[in-house]
Structures are given as C-alpha cells and as structure tokens.
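Please open the model in a viewer and keep the selection panel at hand. The tour proceeds by selection, with a short description at each stop.

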Amino acid sequence: MYQNIFDTHAHYDDEKFDEDRAEVLSFVKSNGVNRIIDCGCDLKSSLSAVKLSEKYDFIYAAVGVHAHEAEEATEADFSEIRKLYTLEKVVAVGEIGLDYHYDFSPRDRQIEVFERQLLLANEWNLPVIIHDREAHEDTLRLLKKYRPKGVVHCFSGSVESAKEVLALDMYIGLGGAVTFKNARKPVEVAKYVPDDRLLLETDCPYMAPVPFRGKRCDSSMIAASAEFIAGVRQVDTQTLINQCHDNARLLFGI
Ligand code: NI
C-alpha cells in the first residue's frame, strides 16, 4: 500500500457520497490518503466543502463557481463566496474555468464569471483550480492575461498546450483520464511534465481510473493512476506520489 497520497481535486460534497461519506473518508484515510482538496462548484457546494474542511483535519477546501454553474450564480452568491476566502482552510479559488463541451452556461457568461474569479484569486493571492474542457484557446488567453498561480486540472490538452501552461509557472493535474484506453494525449503529457509541476487528483466521484472505470471513484483510487503514470515516466510509484504531494503543498501553501 502507498502512503502520503494528496488528492488535489475531489468532490466529497457530491450527493453520490450522501449515504456513506464518513465511511468513505475513513476508508481513504486508512488507505494512504493524507490530504484532500474538496472543490466547490457553486455557493452551496463551496459551503459544503468548507464544512468538510472544518470537520476533517486532512481536508482543505477550494471555493468558486464552475463553468456549468456560471449562468445561475448571483451577485449575492459572489458576496458570500468572497467571505469564505478569509478562512484558513480555504486554499484555492476553484473549481473555475470554461467548458465548451457541454456549454451548460452561455460562453460569454462563462468567460465573465471566470475572469471575475481570476481577479479574486489574484486579490486574495490564492491559487486557482482550472477546469478547461474543449476551451483551450480562451482558457490560455485568460490565464496569460491574469497570470494566476494554480493548476489546470484533468489536463486534456496536447504537449504543446501543456508547454504553454508550464510557461505560466502553473501545474498540470492528472488523474483517471490518463488510464483510459483512448488517452493518447494525456499519456504524452504524463511523460512530458517536469517532476516539480505534476499533481495527482481524482475528481471523485467521477473519473475512476482503470480498472475501476465506471464505478464511483474515491481518493484511494489515485494509487491506480499513480502506478500508470509512474510506469509511463519509468519512476517508482511511491517516489512519484511523494513528489506530487510536495508539489501540492508548495502550491497550496499547506
Ligand atoms: Ni471537478
């Protein structure tokens, strides 16, 4: 069993954990996971992430409005969200970004909400956790404009776009998607990213890695992604886990 696993992207506030959240969290803790960042997607889930961070010493919170929820977010939501950045265990602005795959919110609204939160991140000197699905061009343009510190999570671009992200001193987050059968680009990226810029993540309850694909994901499954990535990079898995843990602590200041 591996130790020292830092899951930099989880959604334990998700209703898929409502039945057995406490059991799952104690299971992952006894399976080598010693730090988790729970990411909010709107005011409600951000508040849940904060609650989890208050209840569990090994959980930290990211607070923000996801691209999917951009249209629904109100001024009142943003003024509540803003207050949460004063809390010690709120370590990032996230999950924020653009999603042109689903387009659940109109693109101009997604961009407006994203820019607003990039400004917030800089104002509070917090790293961002970026969601970019089929929106690489606009995402990069805005990251170049605001230059936040942070991570592009579940990185799905090419090595070329990884280079652009790395040139902004940002990190690349990789998880279950790397292990999927059709994952040519993420595997190339997993090979390419320098040791000190890689973060491990799940996006649980989604994106369970092979051999758990399709099941409800939890942070303990990072072991499968880490073994796969370590294989691609030809390094020892525990060494990779330790390196990614250190990277995450440096980025999130914990
Ligand atoms: Ni997520």
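The stops below concern a predicted model and move from strands to backbone geometry and then to cysteines.

**Strands 6, 7 and 8**

Begin by selecting strand 7, residues 171–174. Tyr171 and Gly173 point one way from this strand, Ile172 and Leu174 point the other way, and all are buried. Next, add strand 6, which pairs with strand 7 in the parallel sense over two bridges. Within this pairing, Val152 stands opposite Ile172 of strand 7. To follow the connection, trace the chain from strand 6 through helix 6 to strand 7; this β-α-β crossover is right-handed.

Now add strand 8, which runs parallel to strand 7 and is joined to it by three bridges. Selecting Gly173 leads to its bridge partner in strand 8, Leu199. Here the chain passes from strand 7 through helix 7 (residues 184–192) to strand 8, again in a right-handed β-α-β crossover.

**Two cis peptide bonds**

Continue into the loop between strand 8 (198–200) and helix 8 (222–233), where Pro205 is found. The peptide bond joining Cys204 and Pro205 is cis, with omega about 15°. Pro211 lies in the loop between strand 8 and helix 8 as well, and the bond from Val210 to Pro211 is cis, with omega near 10°. For context, most peptide bonds are trans.

**Two positive phi angles**

Select Cys154 in the loop between strand 6 (150–152) and helix 6 (159–167). Its phi is positive, about 45°, although Cys154 is not a glycine. Cys154 is partly exposed, with a relative accessible area of 22%.

Then move to Gln234, in the loop between helix 8 and helix 9 (237–252). Gln234, also not a glycine, has a positive phi of about 55°. This residue is exposed, at a relative accessible area of 74%. Most residues other than glycine have a negative phi.

**Cysteines**

How many disulfides does the model contain? The count comes to zero, with a disulfide requiring two cysteine sulfur atoms within 2.5 Å. Select Cys39, which is in no disulfide: the nearest cysteine sulfur, that of Cys41, is 7.4 Å away. Cys39 is buried, with a relative accessible area of 0%.

Finally, select Cys244 together with Cys154. The sulfur of Cys244 cannot form a bond because the closest cysteine sulfur, in Cys154, is 15 Å away, which is too far. Cys244 counts as buried, at 3% relative accessibility.

Note on methods:
Residues are numbered from 1 along each chain as its sequence is written. This is a predicted model: local features need pLDDT of at least 70, side-chain atom pairs count only at pLDDT 80 or more; totals for chains, interfaces and linings use all residues. Side-chain values use heavy atoms; hydrogens and water are left out. Helices (H or I, at least four residues) and strands (E, at least two) are DSSP runs, numbered from the N terminus. Buried means under 20% relative accessible area, exposed over 50%, partly exposed in between (1.4 Å probe, protein chains only). Two strands pair if DSSP finds at least two bridges between them. A crossover is right-handed if, with the strands pointing away from the viewer, the path from the first strand over the helix to the second runs clockwise.
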